[in-house]
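Reader: I would like a close look at a single part of this model, with its surroundings followed outward as far as they lead. Please take it step by step.

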Amino acid sequence: MSLQAGLLPATDAYPWPHLDLDVDLLLTLSERTCQPGNQYRLGGKAPSLSADSATIAGRGIDCSGYVRWIVYRSSEVVMPDGSWIQAAWADTQGFKHSDVPSGALEDGRVRLAYMKPLSSGGVGHIALIHNGYTIESSGKRGPGRRAWTGEGWQSRCRLWVLT
């Protein structure tokens with residue numbers, strides 16, 4: 001399998017594919033977009049993957065658009081759009097599966113969490129997790145972070161280790 005630029009192959013030290021992701025930049029971008037007044041908008045996307053955080057903050061962005069934008073900005077990896085398509089992409093790339101409790105670990109890893117819809121035709125949710133906190137855009141608050149407890153919606157997620 002050939003990997004996209006920005007995706008690193010498995011090695012002896014790291015036995016699964018992973019992202020060459022700048023975690024410090026990811027956290028800086030998250031901080032810049034997690035401001036009061038920034039909105040969630042179902043179907044909202046970045047005008048371009050290279051858009052700056054001020055542009056993202058003023059548009060309204062949904063979960064998959066936010067994850068796609070922030071992963072690109074911190075790794076130059078182009079993820080597909082749509083939460084369930086991003087989950088399928090994580091499987092196709094061969095990222096390591098992880099269990100729900102691992103989202104609470106403070107191990108420096110970045111994980112991808114996907115919750116499939118509860119009903120057919122429903123909307124799924126996707127988020128990144130770093131050191132026990134999500135990096136996401138949710139319907140209740142737009143771009144933001146919250147503790148990963150593994151309860152409620154989080155208990156129904158599939159996780160992959162990205163870094």
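Which residues in helix 1 (residues 23-33) are buried?

Author: The model is a predicted one, and the description below should be read with that in mind. In helix 1, which runs over residues 23-33, the buried residues are V23, L26, L29, S30 and T33. Seen down the axis of helix 1, these residues fall within an arc of 125 degrees, so they line one face of the helix. The other side of helix 1 carries D24, E31 and R32, which are exposed.

The buried residues of helix 1 have several packing partners. Among the helices these are helix 2 and helix 3, and among the strands they are strand 4, strand 5, strand 6 (133-138) and strand 7 (142-144).

Helix 2 can be followed through one of its residues. S53 has its place in helix 2, which spans residues 53-57, and it is buried, with a relative accessible area of 11%. Leaving aside neighbours within four places in sequence, S53 is in contact with L29, R32, T33, W69 and R73. Of these partners, L29 and T33 are among the buried residues of helix 1, whereas R32 is one of the exposed residues on the other side of that helix.

The loop between helix 1 and helix 2 contains Y40, which counts as partly exposed at 24% relative accessibility. Not counting residues up to four places away in sequence, Y40 touches I61, D62, C63, S137, S138, G139 and G142. Y40 and S64 lie 24 residues apart in sequence, and their C-alpha atoms are 11 Å apart in space.

Some of the residues that Y40 touches, including S137, S138 and G139, appear again at the largest pocket, which has a volume of about 160 Å³. Of the 13 residues that line this pocket, the closest to its centre are H125, S137, S138, G139 and R146. Taken by class, the lining of the largest pocket comprises five nonpolar, five polar and three charged residues.

Strand 4 and strand 5, which the buried residues of helix 1 pack against, also lead to helix 4. In helix 4 (residues 83-93), the buried residues are S83, Q86, A87, W89, A90 and Q93. They cover an arc of only 160 degrees around the axis, which puts them on the same side of helix 4. The face turned away from this buried side carries the exposed residues W84 and T92. The buried residues of helix 4 pack against strand 1 (7-8), helix 3 (63-75), strand 4 (110-115), strand 5 (125-130) and strand 8 (157-161). Helix 3, strand 4 and strand 5 are thus named as packing partners for the buried residues of helix 1 and also for those of helix 4.

At the end of helix 4, Q93 counts as buried at 11% relative accessibility. Q93 and P17 are 76 residues apart in sequence, and the distance between them in space is 7.1 Å, C-alpha to C-alpha. Just after helix 4, G94 takes a positive phi of about 85 degrees.

Two other residues deserve a remark on their backbone. Most residues other than glycine have a negative phi. E76, which has its place in the loop between helix 3 and helix 4, has a phi near 65 degrees, a positive value in a residue other than glycine, and it counts as exposed at 60% relative accessibility. N131, in the loop between strand 5 and strand 6, likewise has a positive phi, near 50 degrees, and is partly exposed, with a relative accessible area of 24%.

Aromatic pairs complete this account, and the structure holds four of them. In one of these, the rings of Y14 and W16 have their centres 4.7 Å apart and their planes at 55 degrees, so the pair is tilted. Y14 is buried, with a relative accessible area of 12%, and W16 also counts as buried, at 15% relative accessibility. In another, the ring centres of W148 and W153 are 5.8 Å apart and the planes stand at 85 degrees, so this pair is edge-to-face. W148 is buried, with a relative accessible area of 4%, and W153 counts as buried at 18% relative accessibility.

Notes
Residues numbered from 1 in each chain as written. Predicted model: local features only at pLDDT ≥ 70, side-chain atom pairs only at ≥ 80, totals over all residues. Heavy atoms only, no water. 1 Å grid on protein atoms, 1.4 Å probe; cavity = no way out; pocket = protein on both sides within 12 Å on 5 of 7 lines; lining within 4 Å. Points joined across faces, edges and corners; volume = space filled by probe spheres on them. Nonpolar A, V, L, I, M, F, W, Y, C, P; charged D, E, K, R; others polar. Buried < 20%, exposed > 50% of the residue type's maximum accessible area, 1.4 Å probe, protein only. Helix = DSSP H or I, 4+ residues; strand = E, 2+ residues; numbered from the N terminus. Arc of directions from axis to C-beta. Contact = heavy atoms within 4.5 Å. Phe/Tyr/Trp six-rings, centres within 6.5 Å; stacked < 30°, edge-to-face > 60°.
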